[in-house]
Amino acid sequence: MDLIIKNGTIVTSTESYVADIAIKAGKIAAIGKEFSEVGVEVVDAYGKLVLPGAIDAHTHLAMPFGGTVSADGYLSGTRAAACGGVTTVFDYPMQRKGNGILDTVESRKAMCDPEACVDYAFHCIITDLNDDKILDEFEAAVDYGITSFKCFLVYKKEGMMVDDATLVKILLKAKETGAITNIHAENPDLIDLNIEQFLREGKTSAWYHYLSRPEFVEAEADKRAVHLAKSIEAPLYIVHMADKEGLEAAVAAKVEGHEIYIETCPQYLEFTCEVYKREDGRNFVCSPPMKAQESQDALWHAIKVGLIDTVATDHCPFQSYEKDWGKDDFTKIPNGCAGVENLYPYMLSAANEGKITFNRAVELCSTNPAKIFGCNSKGSLTVGKDADIVIYDPNKEFTISVENMHSDYDHTIWEGKKLHGYPVKTFVRGNLVYNDGEFVGKPGIGQFVKRVAHK
Ligand code: DUC
Ligand code: ZN
Ligand code: ZN
C-alpha cells in the first residue's frame, strides 16, 4: 500500500460508514479495518467525512468569449478545482466552422496537459456541421473518449448557435454512436427583441440583462429541446437549468421514461434575479441569468426529491475591469461567473445544514456525473476506482472571499458566503493536491479522462 486514510466516515451516494481506505498506485485497493501500516503513509481522518472527489461537469477555462478570454486558464482553474475538492473537470472546447472535432479537442488537450492540476475531460461544443462532415467524425470522437457534445440554442449573432435541424442531426448521431447531447437552452430571437427595445428606451443596467432573458425565454428553448429529443428518442442533458417552467417540462419527460438529465448550478440555488438590482449587479451577469424566487424554490425541491441529476458550475469568470465594460450597457458585460472552487463546499454545507443528505450531495456532484458521462473509474469510493478523495471537516467554519480562493480572478460573486464545514484535503489518484487551505499539487499531474460510450 502507498497510503491509508483511517478512522473517517466514508460517504457514498447510498451509504455512510466508518472504515479505512487503502490506496495503491493511485487506486482504491481495499476498504476495511486494521490494514498493516508498516512503511505506509497514514492520514487520520477521525471525526471527518471521506468523500469521492467532485466532478465539475461544466467549466469554461481559457474560453474566448464576450470580447475577451475567461480569467481562469487550465492551470488556475484546475488549481482552484483541487482546492474545492473537485478532482475532475469537464471543459468545453468549441468547434468552429471549418474545424473538426478531434483537431479542436487535441489543441485544447495540448494546452491542458502541462497545466492540469486535476483530471479533465471534454464535452465538445459543435457550432457548424461543415456540410455534415462533422457527423462522420462522431464515431472517432467517441473512440477517442469524447462521448458528449454540446449545442448552444442561443448566441446566434456570435456564430455559436445551431438551428433545430442541426440539433436533430446531432441528437440522432449522438444516439447512434452512444454519445449524449448537452444543450444550453435560451431563445436568441426573443432575447434580441428585448435587448433592442431596452436599449432604445435607455434601459441599460444589469437588471435588464435579466429582463431580456426572463423565465419564458429559457423555458421555450428547454421545452423545444425536450420535445425534439423525446420525439426521436435521443438522450439529452440540459445544462444549467435555471427556470421552473423548463424544469417542469424536463421532469415530466423524465418521469415518462425518456432519457433526459438535468444539471443546475450553485448560483441558481443561492441567488435570485434580485442580485441584478445591486450596484455590483454586473458581476452576477451570466447566461442564463438567475431567475425569480419561484424558480429557485422549484430547483431546490427537485434537488431534494431526486429529479435533478447533477450540480455543476458553468465556471467562466471575468475580471472586474471586463465586467465594467458593461457599466453603462448590460450587453457589453462578458457573461459568466466563478464557481469551481465553491461547488462541493456549497453543496456539502447545504447537507451539513440538513437541506439534503451528504449522500445526495455526493450523488449530485460526483456519482451521477461519472455515470452519465461514462467516467467508469470515478465517482465513488469503491475498490478499483481512482483514489480521488476529499477529506471534509464538518466542523470547520469558512467564509468565502476572493482572498482565500485559488483562481486568477479578482472578485467573486460568493464573497462573504459563510459555509459550515469545508474540505481539508484533496487527493487526485492518491496524490495530495490540497492541504488545509493550501494548493500542494503540481501542474501537469492531471490526466485526460478517456470516457466510454454512453450505452
Ligand atoms: N454562459 C455564461 O454565462 N458563460 C459562458 C457560456 C455561457 O453559456
Ligand atoms: Zn451555457
Ligand atoms: Zn456553460
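**Exercise 1. Helix α12 and the residue after it**

Task: State the sign of phi at Gly354, just after α12, and find how many of the ten residues of α12 are buried.

Solution.
- Step 1. Gly354 comes just after α12 and takes a positive phi of about 90 degrees. This is a predicted model: local features need pLDDT of at least 70, side-chain atom pairs count only at pLDDT 80 or more, and totals for chains, interfaces and linings use all residues. Residues are numbered from 1 along each chain as its sequence is written, chains are lettered from A and ligands numbered from 1 in the order in which they are written, and side-chain values use heavy atoms, with hydrogens and water left out.
- Step 2. Fix the terms. Helices (H or I, at least four residues) and strands (E, at least two) are DSSP runs, numbered from the N terminus. Buried means under 20% relative accessible area, exposed over 50%, and partly exposed in between (1.4 Å probe, protein chains only).
- Step 3. Helix α12 spans residues 343–352, and nine of its ten residues are buried, so the rest of the structure largely encloses it.
- Step 4. The buried residues are Leu343, Tyr344, Pro345, Tyr346, Met347, Leu348, Ser349, Ala350 and Ala351.

**Exercise 2. Two zinc ions**

Task: Identify the protein donors of the zinc ion (ligand 3) and of the zinc ion (ligand 2).

Solution.
- Step 1. Donors are N, O and S atoms within 2.8 Å of the metal (3.2 Å for Na, K and Ca); water is not among the atoms, so sites may look incomplete.
- Step 2. His58 (NE2), His60 (NE2) and Asp314 (OD) coordinate the zinc ion (ligand 3) at 2.0 to 2.1 Å. Their spacing along the chain is H-x1-H-x253-D.
- Step 3. His58 sits in strand β6 (residues 54–59) and Asp314 in the loop between β16 (310–311) and α11 (320–323), so this pair ties together parts 256 residues apart in sequence. Both His58 and Asp314 are buried.
- Step 4. The zinc ion (ligand 2) has the protein donors His184 (ND1) and His240 (NE2), 2.1 Å from it. The zinc ion (ligand 2) lies 3.2 Å from the zinc ion (ligand 3).
- Step 5. His184 belongs to strand β13 (residues 180–184) and His240 to the loop between β14 and α8, so the pair links parts that are 56 residues apart in sequence. His184 is buried, with a relative accessible area of 2%. His240 also counts as buried, at 2% relative accessibility.

**Exercise 3. How α7 packs**

Task: Classify the packing of α7 with α8 and of α4 with α7.

Solution.
- Step 1. Axes are lines fitted to C-alpha atoms, for helices over the stretch in contact, and angles run from 0 to 180 degrees between N-to-C directions. Angles under 35 degrees count as roughly parallel, over 145 as roughly antiparallel, 65 to 115 as roughly perpendicular and the rest as oblique.
- Step 2. Helix α7 (residues 215–231) and helix α8 (residues 244–255) pack at about 15 degrees, their axes 8 Å apart. They are therefore roughly parallel.
- Step 3. Contact means heavy atoms within 4.5 Å. On α7 the contact uses Ala219, Asp222, Lys223, Val226 and Lys230; on α8 it uses Glu245, Gly246, Ala249, Ala250 and Ala253.
- Step 4. For helix α4 (residues 164–177) and α7, the axes come within 10 Å and cross at roughly 45 degrees. The two are therefore oblique to each other.
- Step 5. Asp164, Leu167, Val168 and Leu171 of α4 meet Arg224, Leu228 and Ala229 of α7.

**Exercise 4. The surroundings of Ala242**

Task: Decide whether Ala242 is buried or exposed, and list what it touches.

Solution.
- Step 1. Ala242 is in the loop between β14 (236–238) and α8.
- Step 2. Its relative accessibility is 2%, so Ala242 counts as buried.
- Step 3. Leaving out residues up to four places away in sequence, Ala242 touches Glu218, Tyr268, Pro288, Pro289, Lys291, Ser295 and Leu299.
- Step 4. Take one of these, Pro288. A cis peptide bond joins Ser287 and Pro288, with omega about 0 degrees. Pro288 lies in the loop between α9 (266–270) and α10 (293–305).

**Exercise 5. Positive phi outside glycine**

Task: Compare the burial of Asp131 and Tyr155.

Solution.
- Step 1. Most residues other than glycine have a negative phi.
- Step 2. Asp131 has a positive phi, near 50 degrees. Asp131 is in the loop between β11 (124–125) and α3 (138–144), and at 73% relative accessibility it counts as exposed.
- Step 3. Tyr155 has a positive phi of about 65 degrees. Tyr155 is in the loop between β12 (148–152) and α4, and at 8% relative accessibility it counts as buried.
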